[in-house]
Amino acid sequence: MLLADKWKDYKIIDCGEGEKLENIGGFLVSRPDSQVIWPKKLNKWNNLDAVYHRSDKGGGYWQYFNKPKDNFIIKYQDLSFQIEFTNFKHIGLFPEQAVNWQFIIDKIKEKKVSSHQNKEIKALNLFAYTGGATVACAYADCDEIVHVDASKKIVGHAKKNIEINNLQNKKVRFIIEDVIKFVLREVRRERKYDVIIMDPPVYGRGPNGELWQIETSLTKLVKECINLLSDSPILFLINCYTANFSHISLKNILSSSINHKGIFESGEIGIPIENSNIILPCGIYSRFYC
């Protein structure tokens, strides 16, 4: 299991009975988490700043005891991210993804150092959300990054993350579109990418109602993305959070589709709980890299 254990501005203080207690830049919140089926360690969660309550009708709402900062930014090493509390319990960031950001940065920088021809590196980030991986690619000095997400609001948040990291000079294309439609068009255009990253949802809709179901759509998407890989690929990374299949399944999709020589890995991602030997599982990943 890969652990996101290098955070200073984010900690999980306790978990139990379907809830997790988080310290987000000094702001204490309680949020539901379906993975948390064990008892709490602490008797009481005191001094909470906010609690997220689920609704029987779907979604939910935040109950604030203290107002969050207007310009709420937290840092992961050299990277900065804007926090936003949404009606779907999200905070504008998936902290466990820090392990993927670091791997992306390391692989791109390694390639930059080892390349004697100063070859341009191009990255494609699909289901890119608020752009954690996009920021990582830009920070690693990727020459071009294409960020694709179906939500206009989410893409706006991603643009803000690029700005607060002072990476506006990097070539980042933000695309609001259904991922499969975009990929198929890129294949027809014979575009090539050295880095492909995706974090697909289990279920979703594109801007025009296009249906995405991970069990039936993921393999098709990966196969099309293989056509976008350059002759000297660096990384193909898939991350999933609530999928009902094993990380081995993700690895099998990649290994049965990619013909390049390289390393195939897969596993779980987690966040350690403070002052405990317990780890909160936060999803699965598989990656191919050279």
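**View 1. The largest nonpolar core, with Trp-7, Ile-24, Phe-85, Trp-101 and Ile-104 touching the most other members.** In this predicted model, the core in question takes in 54 residues. Helix α1, running over residues 98-114, supplies the largest share of the core, with 7 residues. There is also a second core, separate from this one, made of 31 residues. Phe-182, Val-183, Trp-212 and Ile-214 are among the members of that second core.

**View 2. Trp-101 and the residues around it.** Leave out anything up to four places away in sequence, and Trp-101 still touches Trp-7, Tyr-76, Phe-81, Leu-93 and Phe-94, among others. The list also includes Gly-132, Ala-133 and Ala-136. Two of these names come back in later views: Tyr-76 stands opposite Leu-79 of β8, and Ala-133 is one of the buried residues of α2.

**View 3. Strand β5, paired with β4 and with β6.** Look at residues 50-54 for β5 and residues 27-32 for β4: these two strands run parallel and share 2 bridges. On the other pairing, β5 and β6 (residues 60-64) are antiparallel, with 5 bridges. Ala-50 is a handy landmark here, since it stands opposite Val-29 and also opposite Tyr-64 in β6. The β5-β6 hairpin leaves 5 residues between its strands, and Gly-58 in that hairpin has a positive phi near 100 degrees.

**View 4. The hairpin of β7 and β8, with Gln-77 at positive phi.** Strand β7 covers residues 73-76 and runs antiparallel to β8, the two being joined by 4 bridges. Tyr-76 sits across from Leu-79 of β8. Just 2 residues lie between the strands of this hairpin, and the phi of Gln-77 is near 50 degrees.

**View 5. β8, a strand covered on both faces.** Side chains in a regular strand alternate between the two faces of the sheet. In β8, Leu-79 and Phe-81 take one side, Ser-80 and Gln-82 take the other, and all four are buried.

**View 6. Gln-82 and its surroundings.** Gln-82 belongs to β8, which spans residues 79-82. Its relative accessible area is 16%, so it falls under the 20% cut-off and counts as buried. What is packed around Gln-82? Setting aside neighbours within four places in sequence, Gln-82 is in contact with Asn-71, Phe-72, Ile-73, Ile-91 and Gly-92, along with His-157, Lys-160, Asn-161 and Ile-164.

**View 7. Helix α2, largely enclosed by the rest of the structure.** That description fits because 7 of the 8 residues of α2 are buried. The buried ones are Gly-132, Ala-133, Thr-134, Val-135, Ala-136, Cys-137 and Ala-138. After the helix comes Asp-141, with a positive phi near 75 degrees.

**View 8. The model's 1 cavity of 30 Å³ or more.** About 200 Å³ of space lies inside this cavity. It is lined by 21 residues, and those closest to its centre are Gln-97, Trp-101, Ala-128, Ala-133 and Asp-199. Elements giving two or more residues to the lining are α1, β9 (122-126), α2 (132-139), β12 (195-198) and β15 (235-240). The largest share, 3 residues, is from α1. By type, the lining splits into 12 nonpolar, 8 polar and 1 charged.

Notes
Residues are numbered from 1 along each chain as its sequence is written. This is a predicted model: local features need pLDDT of at least 70, side-chain atom pairs count only at pLDDT 80 or more; totals for chains, interfaces and linings use all residues. Side-chain values use heavy atoms; hydrogens and water are left out. A nonpolar core is a set of buried Ala, Val, Leu, Ile, Met, Phe, Trp, Tyr and Cys residues joined through side-chain atoms within 4.5 Å. Buried means under 20% relative accessible area, exposed over 50%, partly exposed in between (1.4 Å probe, protein chains only). Contact means heavy atoms within 4.5 Å. Two strands pair if DSSP finds at least two bridges between them. On a 1 Å grid over the protein atoms alone, a cavity is a set of points where a 1.4 Å probe fits but cannot get out, and a pocket is an open set with protein on both sides within 12 Å along at least five of seven lines; lining residues have an atom within 4 Å of a point. Grid points are joined across faces, edges and corners, and a volume is the space filled by probe spheres set on the points. Ala, Val, Leu, Ile, Met, Phe, Trp, Tyr, Cys and Pro count as nonpolar, Asp, Glu, Lys and Arg as charged, and the others, Gly among them, as polar.
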